[in-house]
Amino acid sequence: LPQGHSEIGQTLINVGNNLSSLGRFADAEVAHKEALAILERAAGPRAPLVASALSSLAVNYIAQGRHRDALPLLERAIEISKTSNSARYRFVQNSWINLAQVYQEIGRVAEAETRYRRIRSEREQSLGPDHPDTGLVLGQLGSVLHSQKRDPEAAVVLRRVLKAEQDRYGPDHVHVASALTNLATLLPNAD
């Protein structure tokens, strides 16, 4: 492939993701930035692959606690997805989740809650209310509600997560234990 080909950019995204998962964040950042530069040149600055590169770089920053660095990248990736008809790509929905997480981490909890509620609704419609991906978003919504001292509401959400995990895995699974722990941390304040 010629230097600067979009497939090289895609490969560099994957390399960066792997490096990030190994905790080699600085190396991952270099790979993600190079992927972004290649893809912007090869496919244009508003291409869906550019959104993917932006999201991957943002996730690398999130893993390091660099939420403010991740924020404009996620916002740009989402803006690209709105105008490039790339809503079918799974990374777009994950970008919305990552954006909600960043909002929560930087103290914009009302925006995080709004985003989690929207994602929950979309996942319930597309995947069903008992799908594991729906449950993950519900757990994040419960966390945001708890961070706002809205423990009765958080308890309702986390009870739903617990029931789904018990139905899926049975009573003695690690996911059930995690859901129980999350619920137990707020029950004294929820009733």
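This report walks through the helices, the core, the salt bridges and a few backbone details of one protein chain.

The model is predicted, so keep in mind that local features need pLDDT of at least 70 and side-chain atom pairs count only at pLDDT 80 or more, while totals for chains, interfaces and linings use all residues. Numbering starts from 1 along each chain as its sequence is written, and side-chain values use heavy atoms, with hydrogens and water left out.

**Overall layout**

The protein chain has ten helices and zero strands; here helices (H or I, at least four residues) and strands (E, at least two) are DSSP runs, numbered from the N terminus. Along the sequence, that reads as α-α-α-α-α-α-α-α-α-α. The C-alpha trace spans about 60 × 35 × 30 Å along its principal axes. Of the 191 residues, 44% are buried, where buried means under 20% relative accessible area, exposed over 50%, and partly exposed in between (1.4 Å probe, protein chains only). Looking at contacts (heavy atoms within 4.5 Å) with a separation of 6 or more, 57% come from residues 24 or more positions apart.

**The core**

What sits in the middle of the largest nonpolar core, in terms of touching the most other members? That would be Val50, Leu54, Leu99, Val102 and Tyr116, out of 45 residues. A nonpolar core here is a set of buried Ala, Val, Leu, Ile, Met, Phe, Trp, Tyr and Cys residues joined through side-chain atoms within 4.5 Å. Elements giving two or more residues to this core include helix H2 (25-43), helix H4 (67-83), helix H5 (90-105) and helix H9 (174-184). The largest share, eight residues, comes from H3.

Take Tyr116 as a way in. Leaving aside neighbours within four places in sequence, tyrosine 116 is in contact with Ile97, Ala100, Gln101, Gln104, Val137, Gln140, Leu141 and Val144.

Alanine 70, found in helix H4, is buried at 0% relative accessibility. Beyond its neighbours within four places in sequence, alanine 70 is in contact with Ala58, Tyr61, Ile62 and Val102. Alanine 70 and leucine 99 are 29 residues apart in sequence, with their C-alpha atoms 8.3 Å apart in space.

**Rings and charges**

There are zero aromatic pairs in the structure; to pair, the rings of Phe, Tyr and Trp (its six-membered ring) need centres within 6.5 Å, with planes under 30 degrees apart counted as stacked, over 60 as edge-to-face and the rest as tilted. Tryptophan 96 does have a charge over its ring, though: the charged end of arginine 118 sits 5.3 Å from the ring centre. The rule for that is NZ of Lys or CZ of Arg within 6 Å of the ring centre and within 35 degrees of the ring normal.

Salt bridges come to 15, each being a side-chain nitrogen of Lys or Arg within 4 Å of a carboxyl oxygen of Asp or Glu. Here are three of them.

| Acid | Base | N to O distance |
|---|---|---|
| Glutamate 29 | Arginine 66 | 3.2 Å |
| Glutamate 113 | Arginine 117 | 2.9 Å |
| Glutamate 113 | Arginine 150 | 2.5 Å |

Glutamate 113 is buried, with a relative accessible area of 10%. Its partner arginine 117 is partly exposed at 28%, and both lie in helix H6, four residues apart, about one turn of the helix. Arginine 150 is in the loop between H7 and H8, so its bridge to glutamate 113 ties together parts that are 37 residues apart in sequence. Arginine 150 counts as partly exposed, at 22% relative accessibility.

The other pair also links distant parts of the chain: arginine 66 is in the loop between H3 and H4, and glutamate 29 is in helix H2, 37 residues apart. Glutamate 29 is buried at 15%, whereas arginine 66 is partly exposed at 26%. Both belong to a network of salt bridges that links Glu29, Lys33, Arg66 and Asp69.

**H8 and its two ends**

Ahead of H8, in the loop between H7 and H8, comes lysine 149. Lysine 149 has a positive phi of about 65° although it is not a glycine, and it is exposed, with a relative accessible area of 71%. Most residues other than glycine have a negative phi.

Helix H8 (residues 151-169) has 19 residues and reaches 26 Å from first C-alpha to last, close to the 27 Å expected from 1.5 Å times one less than its number of residues. Its buried residues include Ala154, Val157, Leu158, Val161, Leu162 and Glu165. An α-helix has 3.6 residues a turn, so residues three or four places apart point the same way. Just after H8, glycine 170 takes a positive phi of about 90°.
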